[in-house]
Amino acid sequence: MKSEDDPPQPPFKRGESDQEYLKISSPEELKICDPACGSGHILVYAFELLYAIYEEEGYAANEIPKKILTHNLYGIEIDERAGSLAAFALTMKAREKYRRFFRKPIQPIQPNICVLKKVEFEEWEVGSGKWEVDNKKLGVSHDYLLHDLHLFEEADNFGALLRPKMSEEQIANLRDYFANLWAKNPNPSLFEHKTHEKVTNILNQADFLTTKYHIVVANPPYMGSKGMNARLSAWAKKNYPNSKSDLFAMFIERGLELVIKCGYSAMITMQSWMFLSSYEKLRTKILNERTILSMTHLGARAFDSIGGEVVQSTAFILESSHHLEYQGQYLRLIDGNSETEKAQALKKAIKNPNCGCFYRASASDFKKIPGCAIAYWVSDRVRDSFIQGILIRDMADVSEGIKTGNNEKFLRFWYEVSGEKRYNNDPTKEVNKKWFLYHKGGDSRRWYGNIEFVIDWENDGYRIKNSSNSGLQGKKNYFNSGITWSKISSTYFGVRYLPENILFDSGSPSVFVKDPSLLKPLLGFLSSKVTTLILGATNPTLNFQVGNISSLPYLAITNIETANTVINKIISITKYDWNSYETSCNFTNLTLLSDPKKEKLTTYPLPTLLAETYNKLHQHWQEMISEMQKLEEENNRIFIEAYGLQDELTPDVLPKEITLTCNPHYRYNRDKHQEELENLLLADTIKEFISYSVGCMFGRYSLNKKGLILANQGETLQDYLIKVKSEQSEMGSNDKRESQTENNLYFLPTETNVIPILDGDWFSDDITEQFRQFLRVTFGYENYQDNLNFIEEAINKDIQKYFLKDFYHDHVKRYKKRPIYWLFSSPKGTFNALIYLHRYRPNTVSIVLNKYLREFRTKLQARLETLKQIEISSSASKTEKTKALRETEQIKKMLRELEDYEQETLYPLAVEKKEIDLDDGVKVNYKQFGKALKKVTGLS
């Protein structure tokens, strides 16, 4: 491939013996057609160019407009209004060029705009023997004639994509034939007259669709197969199998059929035909039969009226002849963010081909790439890697995974289900388990993580296998270790290590190498800048299909041991980071409360201030991020050298590209300032500490033992005491029940599984008071106030207000709208009580009602009596009485709200003693409690 620094090549550069070129002896011969002309914008611009051509050839100014409209310009449209506008625009353009245009002709000159109309015949009009013609004289097949008579029955749906079988010459012969035939019958009946009109319309419309034009130019309609009506979709599959995925692609194919040999088809369309596998046959046909002369690749935002990344465009010229080695000219203008920026870049590139966005490539270059992607900008080294390397599909199994057919029935987040029904180790030994870990894709994260779901795989997936619409792909690799990625990404391509014993989804395709020693090197390659570069050429979208990855070329590396060491370290760091948060199924302890360099349990209280502990953790995170950056750059270096791309790529990795949750540049909006990012990280870390404390309040976690404690359905405080190893049991007691006493524990969970969240100090076990005690236990009594101040400053809110206003919102967000703590809340939020889903029992609502709601009402009533005494007290000041009166009115409203909440909502639920099954998931179970629980969008 020629360098982009070479001077531009003339449009036609062929061998001396090559006599194929477009021959035009006069401007009148030139025929230009827009097969989807709309209101005629392109035709009007073509008029200007043609006028200049006629002028250069010396034609009289008063003759040029007529000649252009008569001989040169043709438009086809299905919208009658748009077609009328196109004809009007061309007529006015002619009037602009020649002021006497309307006066000269006896009959006005009509532009050649054909609005395709639906034409249908009755059975008697086309019955047997009705359209027998002299085949030998006219050269028209009877079958072809009948085909074309019926062709326009859905012209308003298919437009210029229709393909008449008769030729231009045959149609002209038929037109003359029928004109003579009907001339012999000057007084036809009404029915015969209508039939004659239909036939005339069909022949006129077919004439536009069979004429061979020198140039076809269009901005065709864009419509994917999902947007097509059923009839158009079925018709496209039958008639345009190579381009059926979108209307614009079908117009590309049709446009090439409408041009003469060596003619040109010029269009602006979506860029997807250049890369996607669904257009591979179309690309192959173009590269094998036609020639790409030039292209201006505009990318996104080429039109100010269409924002965003959805519509990404390319403008190109195809020649209707084949020249395999012809070096087409390409301009890469994908970086501009507006029409103006792209126009400026285009002008700059025209003036200076060495601007850095000018490329040349031939059909033979594209054929080196699997799928024949039109990746004109990649170097010869990249293209040659497809020949020199091993395609991933030849060294590994690459496939999508399970399609359940009903995700709501068969999938859950791992934290929704009972822990005793979820397998954690060897699936061959976990025969009685129902829920198995499942990789479903997820956020843009690399190397490790996104293990969030479980799938109902009880009895080897019996229920899914017998479910309609399910599909099991890649079965032989179930539970094997491999490499996985999210098929649809929001930012970039990122692969992750897939550990053993985890199933994978159709939205999380995976790679399973045949040689296990190549697993980590292949993971390194797929995570490197080299893969990003190659994928950017073969599939510059955010939809990464199996075919895209299986077609990547892998080149063997010499320093495989170094690569393995680097990748293992990277996996270790990213795994630690993923498991540091409570939404990981392998979460054991909060990092803020543990030393990452020590595995033993932390002894409380910690000897440092909370601020000092955070700073130490933050420093550890910075070391992790720095180490990851070095390792990822080393990984890039290994593969850049292996592919010989030192002149094209650097190994550098930006902070925002390091996908660790502890990295604020990745975790948050990357455009924020460093100080703002650090404040967000601090706030979220403190909120995670608060969330962990609530987990300890419910017994989900314990300061005395790592990992989940209470995570099975209906467990109690007694189960907690049995599970947690106290200091006494470690000292040698044989009786677990005797050794697990309350005195051995740092922090005792609630016995009732209910934690009130109220405005004020109404209960001793209120969540705010419990948190304060948790803070004292973990960081000591001495520095309690300093630590509390640090917390409130970090979250920018008083701790009680945080629990009242923000905690549940944060919890729902953290658990992706599948909360494990549920908030019983009265309509206006006067009463709030939190419960833990896994500890729910049929009497839980009764406890909320009797021990907390009614008790709260009693306390409010007592406060009301006190206020009444103040109001009538002679010793109370006027201010005190006014204040008491105001508070009285407020409490009365609160009592009315609570009474209604009890009678209409909570009491009926308490009486019902509702049973739940964790297997049903949060979405099903949450709805059962209706208005008793705080509304969560997507759940309630």
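Trainee: Let me start with one residue: is Pro221 buried, partly exposed or exposed?

Mentor: This is a predicted model, and in it Pro221 counts as partly exposed because its relative accessibility is 34%. Pro221 lies in the loop between strand E4 (213–218) and helix H9 (230–239).

Trainee: Which residues does Pro221 touch, leaving out those up to four places away in sequence?

Mentor: Pro221 touches Ala36, Asp246, Leu247, Phe248 and Phe251. Look also at Gly38: 183 residues separate Gly38 from Pro221 along the chain, yet their C-alpha atoms are 9.5 Å apart.

Trainee: How do I read the confidence of the model? What is the mean pLDDT of the chain?

Mentor: The mean is 90, and 92% of the residues reach 70 or more. Two stretches call for care. Over residues 1–17 pLDDT stays under 50, and the model has 44 contacts beyond four places in sequence for them. Residues 730–740 also stay under 50, with 16 such contacts in the model.

Trainee: Now the interior. Which residues have the most contacts inside the largest nonpolar core?

Mentor: The general idea is that in soluble globular proteins, nonpolar side chains tend to be buried together. Here the largest nonpolar core has 249 residues, and Trp273 and Leu834 have the most contacts inside it. A second, separate core has 24 residues, including Phe47, Ile68, Leu90 and Tyr98.

Trainee: What does Trp273 touch beyond four places in sequence?

Mentor: Its partners include Phe248, Ile252, Tyr279, Leu282 and Ile286. Arg283, Met295, Thr314, Phe316 and Ile374 are also among the residues that Trp273 touches.

Trainee: Ile252 and Ile286 belong to helices, I think. How do helix H10 and helix H11 pack?

Mentor: Two packed helices are described by the angle between their axes and the distance between the axes. For H10 (residues 247–258) and H11 (residues 280–289), the angle is about 25 degrees and the axes are 11 Å apart. Angles under 35 degrees count as roughly parallel, so H10 is roughly parallel to H11. The contact is made by Ala249, Ile252, Glu253 and Leu256 of H10 with Leu282, Lys285 and Ile286 of H11. As for handedness, H10 passes H11 in a left-handed crossing.

Trainee: And at what angle do H24 and H31 pack?

Mentor: Helix H24 (residues 674–698) and helix H31 (residues 807–814) pack at about 90 degrees, with their axes 11 Å apart. H24 and H31 are therefore roughly perpendicular to each other. On the H24 side you will find Lys687, Glu688, Ile690, Ser691 and Val694, which meet Phe807, Asp810 and Arg814 in H31.

Trainee: Let's turn to the backbone. What is the phi of Cys372?

Mentor: Most residues other than glycine have a negative phi, and most peptide bonds are trans. Cys372 has a positive phi, near 55 degrees. Find Cys372 in the loop between helix H13 (363–366) and helix H14 (380–388). Cys372 counts as buried because its relative accessibility is 12%.

Trainee: What about Asn459: is it buried or exposed?

Mentor: Asn459 is exposed, with a relative accessible area of 56%. Its phi is also positive, about 55 degrees, although Asn459 is not a glycine. Asn459 sits in helix H17 (residues 458–465).

Trainee: One last feature: which residues does a cis peptide bond join?

Mentor: Tyr604 and Pro605, with omega about 0 degrees. To find the spot, go to the loop between helix H21 (560–578) and helix H22 (610–642), where Pro605 is placed.

Technical notes
Residues numbered from 1 in each chain as written. Predicted model: local features only at pLDDT ≥ 70, side-chain atom pairs only at ≥ 80, totals over all residues. Heavy atoms only, no water. Core = buried A, V, L, I, M, F, W, Y, C linked by side-chain atoms within 4.5 Å. Buried < 20%, exposed > 50% of the residue type's maximum accessible area, 1.4 Å probe, protein only. Contact = heavy atoms within 4.5 Å. pLDDT = per-residue confidence, 0-100. Helix = DSSP H or I, 4+ residues; strand = E, 2+ residues; numbered from the N terminus. Axes fitted to C-alpha atoms, helices over the stretch in contact; angles between N-to-C directions. Parallel < 35°, antiparallel > 145°, perpendicular 65-115°, else oblique. Left-handed = near helix turned anticlockwise from the far one by under 90°.
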